[in-house]
Every structure is written in C-alpha cells, then in structure tokens.
Amino acid sequence: EVAYELVKATFEISTHGKGLHDITDKIRAQLRDWKVREGMCFLFLPHTSASLVMSENWDPTARADLETFMERLVPERDSWYTHTLEGDDDATSHIRAMLTDTSLTVPVDAGNLSLGTWQGIYVFEHRARPHRRKVLMRVLTVE
C-alpha cells in the first residue's frame, strides 16, 4: 500500500524592488531538510503585485530580457491607469501579476526538483520598492 504525507512551510523572500528573484536553492534546501525523495511540490504566492515564474537561470541576460519585456509590455505612467493609490506602479504591478502565475507545481524525483537543465524558480517582483513576499510551499510525498 502506498502512503502519502503532506509537508508544508511558508518562507519569506525580501525583494529589492522590481525584478526576478531566484528562489530555487531555497526550495531545494527545504526538500533536503524534509528528506523528500518522491512527490509533488506545490508553490503559491499570496500576493496581487508579484508572481512566480519558471525561467532560465544560467545566463543573466535571459533574466534581464524578461524584465525588460515586462516593462515594455506593461509600461508605467500610461494616462489611462486609474488605480494609482500606491504610486505609478500600482496598476501595472497588478496587470503584470495577472499575466504571470501565482502558483507552480514541480515534480520531485530522487530528492530533487525535476527541473530542466537551465530552469529556475523565481519570485517576480512587480513593485518598484522592496517588499517581503510570502511563498507557501506544500509537498505531497510518496512513501
């Protein structure tokens, strides 16, 4: 008979403002602490102005290109924005979060995230000023 167990944690990521913040090593370290061998890792970011993305983590120019793309796709200070209570990045941060994900699911095999060779997991901060972002991590393990 197969036995399943759910383990969970919440950790905080301090961002320095807009951009991609790599959290792959933090997730791997938690898997090692839990001694997870096989299962599924579920990640959720409970915020409306940041997101979770999976992208290339080897060449820093890939990260820079993604950040520049988002700036061009959803530019700040367009005259039609009405949601600016918290600044010029208020409406844009919510639009950018809507276009990306707030959750990711990654298989765990042989004790490690089953990511592609160059894949990494990032918190994508859409606000200009630093924030503390929570990431909820849940792993369903098979024993």
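## Salt-bridge network

Salt bridges link Lys18, Glu71, Glu76, Arg77, Asp88 and Arg96 in a network. The model is a predicted one, and the count of salt bridges in it comes to eleven.

Within the network, Lys18 pairs with Glu76, their closest N and O atoms being 2.1 Å apart. This contact joins distant parts of the chain, 58 residues apart: Lys18 belongs to the loop between β1 and β2 (19-22), and Glu76 to the loop between α2 (60-73) and α3 (90-99). Lys18 is partly exposed, with a relative accessible area of 25%, whereas Glu76 counts as buried at 16%.

## Further long-range pairs

Arg127 and Glu86 form a salt bridge with an N to O distance of 3.7 Å. Arg127 lies in the loop between β7 (119-125) and β8, and Glu86 in the loop between α2 and α3, 41 residues apart. Arg127 is buried, at 4% relative accessible area, while Glu86 is partly exposed at 48%.

A salt bridge also connects the side chains of Arg132 and Glu12, at 2.3 Å from N to O. Here strand β8, which holds Arg132, is linked to strand β1, which holds Glu12, across 120 residues. Arg132 is exposed, its relative accessible area being 56%; Glu12 is partly exposed at 36%.

## Nonpolar surface patch

Val2, Tyr4, Leu6, Met40, Phe42, Leu140 and Val142 make up a nonpolar patch on the surface, together offering about 620 Å² of accessible area. Strands β1 (4-14), β3 (39-44) and β8 (132-142) each give two or more residues to the patch. Met40, located in strand β3, is partly exposed, with a relative accessible area of 30%.

Terms used:
Residues numbered from 1 in each chain as written. Predicted model: local features only at pLDDT ≥ 70, side-chain atom pairs only at ≥ 80, totals over all residues. Heavy atoms only, no water. Patch = residues over 30% accessible without salt bridge, like charges linked within 9 Å, V, L, I, M, F, W, Y side chains within 5 Å. Areas by Shrake-Rupley, 256 points an atom, 1.4 Å probe, with all protein chains shown as cover. Salt bridge = Lys/Arg side-chain N within 4 Å of Asp/Glu carboxyl O. Helix = DSSP H or I, 4+ residues; strand = E, 2+ residues; numbered from the N terminus. Buried < 20%, exposed > 50% of the residue type's maximum accessible area, 1.4 Å probe, protein only.
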